[in-house]
Amino acid sequence: MALAIEGGGMRGVISAAMLTQLEDYGFKNAFDTVYGCSSGGINAAYFLAGETWYPLSIYYDDLTTKHFVDFARVFRRLPILGLDYAFDHVMEQLKPLDYEAVLRSDIPLVVPVTDVDALKTVPLRDFSTRAELKAALRASAWLPIALPGTVQMADGRRTLDGGVLTALPFRLAVKDGCTHVLSLSTRPMRPASSGFSLLHRYTYLYLERIRRGLGRGYLTAIRQKHRDQDWLHRVRTAPTQDAPHVLDLAPLPWMTELKRHELDKHLLLENARTAYEVAFCATEGRPVELIRQGSVRAMPRLTIVDSTDDHSERDAGPTDPGNQGRDGV
């Protein structure tokens, strides 16, 4: 079985919370391969490293700052997103990602990037070094417009966010021949949109300036995403007999869609709680109506983080999150 994890900037808090629930309830080793795009790729790496509940707090504790998102930088011709802050400060010092644990994992990680000049999505895998994995995660998170131009890989390829030409990562698992896929989506379960928004059209023009045909490929991917969302909605309640068998977990239709650049700590934490609840109901066979009624509530964990030296240490709180069981996010 494959696990496919959507990102979407700060909406990644949703798939991170779902991964936390899967880890807490003993499903981590149920997967043969994990696919993760953009912030979903970062979430996947933390998941494979084995402490998903801890870095989940990155979204509402560490990224809700102008060090990470600042639209005013546009007027100074600087990137809107601070990837250096995220990768070199948060993921190295505040809540370190154990890259070596990801490399040692028996479950392979696949990180898609967009090859700009080849006009195709390239799934990167079989990472041999820490630097190689970090570069792949960074390239997969190189969001058009929010970050200027492209990022160059060690082999010279110009790359962008892996979702530019393949919007939903479950498609990559299906293309690789996976017959059973658990998909974690970060947008609510609603009928797919039709047509293109103003942002889609602006992104098209932006990408065409980078590479002719890239913008057209992006719009094609948006159309495919709309078809995929409709298909995922149908098979969620009426599974087909033929492979691939894909179960897509996502926020419920009545839940508010989180913005890609959301910085409100309360909203991020609340979306993390409800995402954990959705995954709990799905894996434990509980009616999702219990969430609306307030009968099922995910309670955040607390712990101590000591960042007074070069490495963050957890001096108190849960020491074996994989065995903590059923106390929530």
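Is T64 buried or exposed? T64 counts as buried because its relative accessibility is 16%, where buried means under 20% relative accessible area, exposed means over 50%, and partly exposed covers what falls in between (1.4 Å probe, protein chains only).

Before going further, some ground rules. This is a predicted model, so local features need pLDDT of at least 70 and side-chain atom pairs count only at pLDDT 80 or more, while totals for chains, interfaces and linings use all residues. Residues are numbered from 1 along each chain as its sequence is written, and side-chain values use heavy atoms, with hydrogens and water left out.

**Around T64**

T64 sits in the loop between α3 (58-62) and α4 (83-94). Helix and strand labels here are DSSP runs numbered from the N terminus: helices are H or I with at least four residues, strands are E with at least two. The T64 side chain has two polar partners to look at. One is the backbone oxygen of Y60, reached at 3.5 Å, and another is the side chain of K265, joined to that of T64 by a polar contact of 3.0 Å. A polar contact is a pair of N or O atoms within 3.5 Å; within protein, one must be able to donate a hydrogen and the other to accept it, and residues adjacent in sequence count only if both atoms are side-chain atoms. Setting aside neighbours within four places in sequence, T64 is in contact (heavy atoms within 4.5 Å) with M10, Y59, L263, K265 and L268.

**Around L182**

Now over to strand β7 (residues 180-184), where you'll find L182. L182 counts as buried, given its 10% relative accessibility. Not counting residues up to four places away in sequence, L182 touches M1, A2, L3, A4, L22, F31, L247 and L249. P253 is 71 residues from L182 along the chain, and the C-alpha atoms of the two are separated by 19 Å.

**Strand pairing at β6**

Strand β6 (residues 158-161) pairs with strand β3 (residues 109-115) in the antiparallel sense, over three bridges. Two strands pair if DSSP finds at least two bridges between them. T114 has L160 of β6 as its bridge partner. Strand β5 (residues 151-152) also runs antiparallel to β6, joined by two bridges, and here Q152 is matched with R158. The hairpin of β5 and β6 has five residues between the strands, and G156 in it takes a positive phi near 95°.

**Salt bridges**

A salt bridge is a side-chain nitrogen of Lys or Arg within 4 Å of a carboxyl oxygen of Asp or Glu. By this rule the count is 21. Here are some of them, with the separation of the closest N and O atoms:

| Acid | Base | Closest N and O atoms |
|---|---|---|
| E6 | R187 | 2.6 Å |
| E257 | R187 | 3.9 Å |
| E277 | R297 | 3.3 Å |

R187 turns up in two of these rows. With E6, R187 forms a salt bridge at 2.6 Å. That pair links distant parts of the chain: E6 is in the loop between β1 (2-5) and α1 (12-24), R187 is in the loop between β7 and α8 (198-210), and they are 181 residues apart. Both E6 and R187 are buried. E257 lies in the loop between β8 (245-249) and α10 (265-284), so its pairing with R187 ties together parts that are 70 residues apart in sequence. E257 counts as partly exposed at 36% relative accessibility, whereas R187 is buried at 19%.

As for the E277 and R297 salt bridge, E277 is in helix α10 and R297 is in the loop between α11 (289-293) and β9 (304-306), 20 residues apart. E277 is buried at 0% relative accessibility, while R297 is partly exposed at 38%. Elsewhere, salt bridges that share partners join D88, E92, E100, R130 and K134 into one network.

**Aromatic rings**

How many aromatic pairs does a search of the whole structure find? It finds three. Rings of Phe, Tyr and Trp (its six-membered ring) pair if their centres lie within 6.5 Å; planes under 30 degrees apart count as stacked, over 60 as edge-to-face and the rest as tilted. W53 and Y54 are edge-to-face, because their planes are at 65°, with ring centres 5.8 Å apart. Both W53 and Y54 are buried. F170 and W231 make a stacked pair, 6.1 Å centre to centre with 15° between the planes. That pair links helix α7 (residues 170-175), home of F170, to helix α9 (residues 214-237), home of W231, across 61 residues. F170 and W231 are both buried.

Y54 also has a charge over its face: K95, at 5.9 Å from the ring centre. The rule here is NZ of Lys or CZ of Arg within 6 Å of the ring centre and within 35 degrees of the ring normal.
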